[in-house]
Amino acid sequence: MHDPHPDVLDRIRHLLEVRADGAYGLAGVTQKEHALQAAWAAERDGAPEALVAAALLHDIGHLVHELGENPAAQGVDDRHEALGHAWLCAHFAPEVTEPVRLHVAAKRYLCGAEPDYFDRLSPDSVRSLALQGGPMDGAGQAAFLARPGAADAVRLRRWDEAAKVPGLATPPVGHFLRHVAACLRPAADGPDAE
Ligand code: FE
């Protein structure tokens with residue numbers, strides 16, 4: 001079958017295999033290992049394909065800016081969930097993009113709603129949480145849960161937090177790109193459209 005987006009898959013592969021070789025915040029894994037561990041957790045959890053793709057791509061916003069590898073250490077919130085959402089919206093449906101957009105809000109939700117969730121955060125997550133607005137209060141939690149995609153974002157956020165295990169073996173990027181390819185939007189009208 002004709003693939004309308006060979007360039008998009010190539011870009012994603014490049015971002016994950018080359019650009020993502022940098023450290024992930026303060027955890028002992030690279031961005032690439034973090035993405036693969038999150039996607040692998042989603043797949044083992046029986047998540048639908050779009051959510052596996054979202055898990056793989058949830059931090060792609062960190063890879064498409066030029067703020068350095070760990071802006072949170074400088075007290076800068078890189079707004080990676082919004083950057084990633086904007087980047088992905090050109091190519092994917094909301095089933096993929098909304099959990100990415102909401103995964104930081106999901107962390108703030110879980111810290112407010114589950115008393116022990118904060119205690120289990122990695123040091124890099126604690127640091128970025130303060131920059132991102134801290135735990136949600138009750139009104140914030142209710143507003144969050146009313147948003148489409150909130151439940152998927154909470155699932156994604158749990159895989160995210162678990163995906164920081166130094167040395168954990170996962171399948172390679174190519175294994176997960178088939179999920180990504182299956183979720184690509186049909187080619188939109190563009191300069192090359194007939
Ligand atoms: Fe993450």
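**Figure 1. Arg 158 is partly exposed, at 36% relative accessibility, and pairs with Glu 114.** The model is predicted: local features need pLDDT of at least 70, side-chain atom pairs need 80 or more, and totals for chains, interfaces and linings use all residues. Numbering starts at 1 along each chain as its sequence is written, and side-chain values use heavy atoms, without hydrogens or water. Glu 114 is also partly exposed, at 23% (buried is under 20% relative accessible area, exposed over 50%, partly exposed in between; 1.4 Å probe, protein chains only). The two side chains form a salt bridge, N to O 2.7 Å (Lys or Arg side-chain nitrogen within 4 Å of an Asp or Glu carboxyl oxygen). Glu 114 sits in the loop between H5 and helix H6 (123-132), and Arg 158 in helix H8, so this pair ties together parts 44 residues apart in sequence (helices are DSSP runs of H or I, at least four residues, numbered from the N terminus). The structure holds 10 salt bridges.

**Figure 2. Arg 101 and Glu 98 pair within helix H5.** Their salt bridge brings the closest N and O atoms to 2.9 Å. The helix spans residues 94-113. Within H5, the partners are three residues apart, about one helical turn. Arg 101 is partly exposed, with 33% relative accessibility. Glu 98 is buried, at 16% relative accessible area.

**Figure 3. Lys 164 and Asp 124 form a buried pair.** Their side chains meet in a salt bridge, 3.4 Å from N to O. The two residues belong to distant parts of the chain, 40 residues apart. Lys 164 lies in the loop between H8 and H9. Asp 124 lies in helix H6. The pair belongs to a network of salt bridges that share partners. Joined in that network are Asp 124, Arg 157, Asp 160, Glu 161 and Lys 164. Asp 160 returns in the next view, as a donor of the iron ion.

**Figure 4. Four protein residues supply donors to the iron ion.** His 34 and His 58 each offer NE2. Asp 59 and Asp 160 each offer OD. These atoms lie 2.2 to 2.3 Å from the iron ion (donors are N, O and S atoms within 2.8 Å of the metal, or 3.2 Å for Na, K and Ca; water is absent, so sites may look incomplete). The angles that the four donor atoms subtend run from 77 to 168 degrees. Along the chain, the donors follow the spacing H-x23-H-D-x100-D. His 34 belongs to helix H2 (residues 31-44) and Asp 160 to helix H8 (residues 150-162), so these two donors tie together parts 126 residues apart in sequence. Both ends of that link are out of reach of the probe or almost so by the numbers: His 34 is buried at 0% relative accessible area, and Asp 160 is buried at 2%.

**Figure 5. Helix H9 carries its listed buried residues on the same side.** The helix spans residues 173-183. Buried here are Val 173, Phe 176, Leu 177, His 179, Val 180 and Cys 183. They cover an arc of only 155 degrees around the axis, which places them on the same side of H9 (the arc is that of the directions from the helix axis to the C-beta atoms).

Notes:
Tetrahedral: all angles 85-135°; square planar, octahedral: opposite > 155°, others 65-115°.
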